[in-house]
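The following exercises concern salt bridges, surface charge and backbone geometry. Please work through each task with the sequence and the structure at hand before reading its solution.

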Amino acid sequence: MTTAEAAVDIVAVIPEPAPTPPLELVPDLPVTPITEIGLAITNALVDAWNAIRARHSDVPEAVITMATGGRESAVKLAHFSRNRWKAVDGDATHHEVFVTAESLLRGAVEAMETLVHEATHGVNVVRGVDDCSVSQYHNKSFKAVALELGMEYTKTVDPRDKKKYGFAFPVLGDEAKEAYADQIAALDKAIQATRVPAYIPVSTGGGGKGKTTTGTTELDDADGEEKPPRPEKEDRNYVKATCQCSPPATIRVSPKTLAKKKIMCGDCKEDFTTPEIVVAREMKKEWEEAAAGGSPATPPAE
């Protein structure tokens, strides 16, 4: 037998293919850490403001802040305040855009809408145009710039609010929503929690004959837990408290209630007070000023 005849054929054996592994779900990306929720929202607001400035050159730079507005959060969504910040070095001042944390409950589109609203005020500040009164009546100058920035007046407004606040209720138009789609999506992603309001708006019969004004009252507990009734007897000796409006609104309130809680007027944003409280505060101020230069007497109780 020759060597060739003795050779053994070598056959390559191809193994059976391994079964396809089951597909695994891609885990969700980690949510923003709780300690960074406020930072993420503020960053999204800053990016949104910069996007507005990129489209409208007259919108000024501003310090963007987000926190609770306290009692004002019940009656205000945000504000634009000129020259509210001052540089540590030098005399430069900066405008402020403040968004209340409670207003974020309305959603990302409305948050963007609020920023464009405040940008409207910013443009008028840059142009030297007065667009809003102390009592928050938004005039035709505000309306003109709001339309320029992509807002529309399609929202149904209560006639009383329209008479009181004028053109203060524009909404974001469809074209503007499309232009700011990325910023709205970023806001929606960032708003992973909203602040529970600590105050609710209340109406009083002040402000003149036939008028009402809106103030705020503090909630007993933010968690809404029902508490047993207090055994304390109600004080029926009501006093008249006034705000700083002209003419001032007047409410009748228990002195004990007024001492425990501050009640804010929704128009002038000042607390309702009595003459006795004003005198006490002035006396305390005089005592504090005197304290800086000598040994004052016992301070009066506020």
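**Exercise 1. Salt bridges**

By the rule that a side-chain nitrogen of Lys or Arg lies within 4 Å of a carboxyl oxygen of Asp or Glu, the count comes to six salt bridges. The model is predicted: local features need pLDDT of at least 70 and side-chain atom pairs count only at pLDDT 80 or more, while totals for chains, interfaces and linings use all residues. Residues are numbered from 1 along each chain as its sequence is written, and side-chain values use heavy atoms, with hydrogens and water left out.

Task: Determine which residue forms a salt bridge with Glu 102, and where the two partners lie.

Solution.
1. The partner of Glu 102 is Arg 195, with the closest N and O atoms 3.1 Å apart.
2. This pair links distant parts of the chain, 93 residues apart: Glu 102 belongs to the loop between strand 3 and helix 3, and Arg 195 to the loop between helix 7 (181-190) and strand 6 (199-204). Helices (H or I, at least four residues) and strands (E, at least two) are DSSP runs, numbered from the N terminus.
3. Accessibility is classed as buried (under 20% relative accessible area), exposed (over 50%) or partly exposed (in between), with a 1.4 Å probe and protein chains only. Glu 102 is therefore buried at 9%, whereas Arg 195, at 38%, is partly exposed.

Task: Find what the salt bridge of Lys 164 and Asp 267 ties together.

Solution.
1. In the salt bridge between Lys 164 and Asp 267, the closest N and O atoms are 2.7 Å apart.
2. Lys 164 is in helix 5 and Asp 267 in the loop between strand 10 (264-265) and helix 9 (275-291), so the bridge ties together parts 103 residues apart in sequence.
3. Asp 267 is buried, with a relative accessible area of 17%; Lys 164 is partly exposed at 23%.
4. Elsewhere, salt bridges that share partners join Asp 58, Arg 127 and Glu 148 into one network.

**Exercise 2. A hairpin**

Task: Describe how strand 2 and strand 3 are joined, and identify the residue with a positive phi between them.

Solution.
1. Strand 2 (residues 78-86) and strand 3 (residues 93-100) run antiparallel and are joined by six bridges; pairing requires that DSSP find at least two bridges between two strands.
2. One of the bridge partners in strand 3 is Phe 98, which is paired with His 79.
3. The hairpin has six residues between the strands, and Gly 90 takes a positive phi near 95 degrees.
4. A salt bridge joins the side chains of Lys 86 and Asp 91 (3.9 Å, N to O), and both residues are exposed.

**Exercise 3. Backbone exceptions**

Task: Locate the cis peptide bond, and state which phi values of Asn 83 and Gln 136 stand out.

Solution.
1. Most residues other than glycine have a negative phi, and most peptide bonds are trans.
2. Asn 83, although not a glycine, has a positive phi of about 50 degrees. Asn 83 lies in strand 2 and is partly exposed at 42%.
3. Gln 136, also not a glycine, has a positive phi of about 70 degrees. Its place is the loop between helix 3 (108-127) and helix 4 (140-148), and its relative accessibility of 32% makes Gln 136 partly exposed.
4. The cis bond joins Ser 246 and Pro 247, with omega about 0 degrees. Pro 247 is in the loop between strand 8 (239-242) and strand 9 (250-253).
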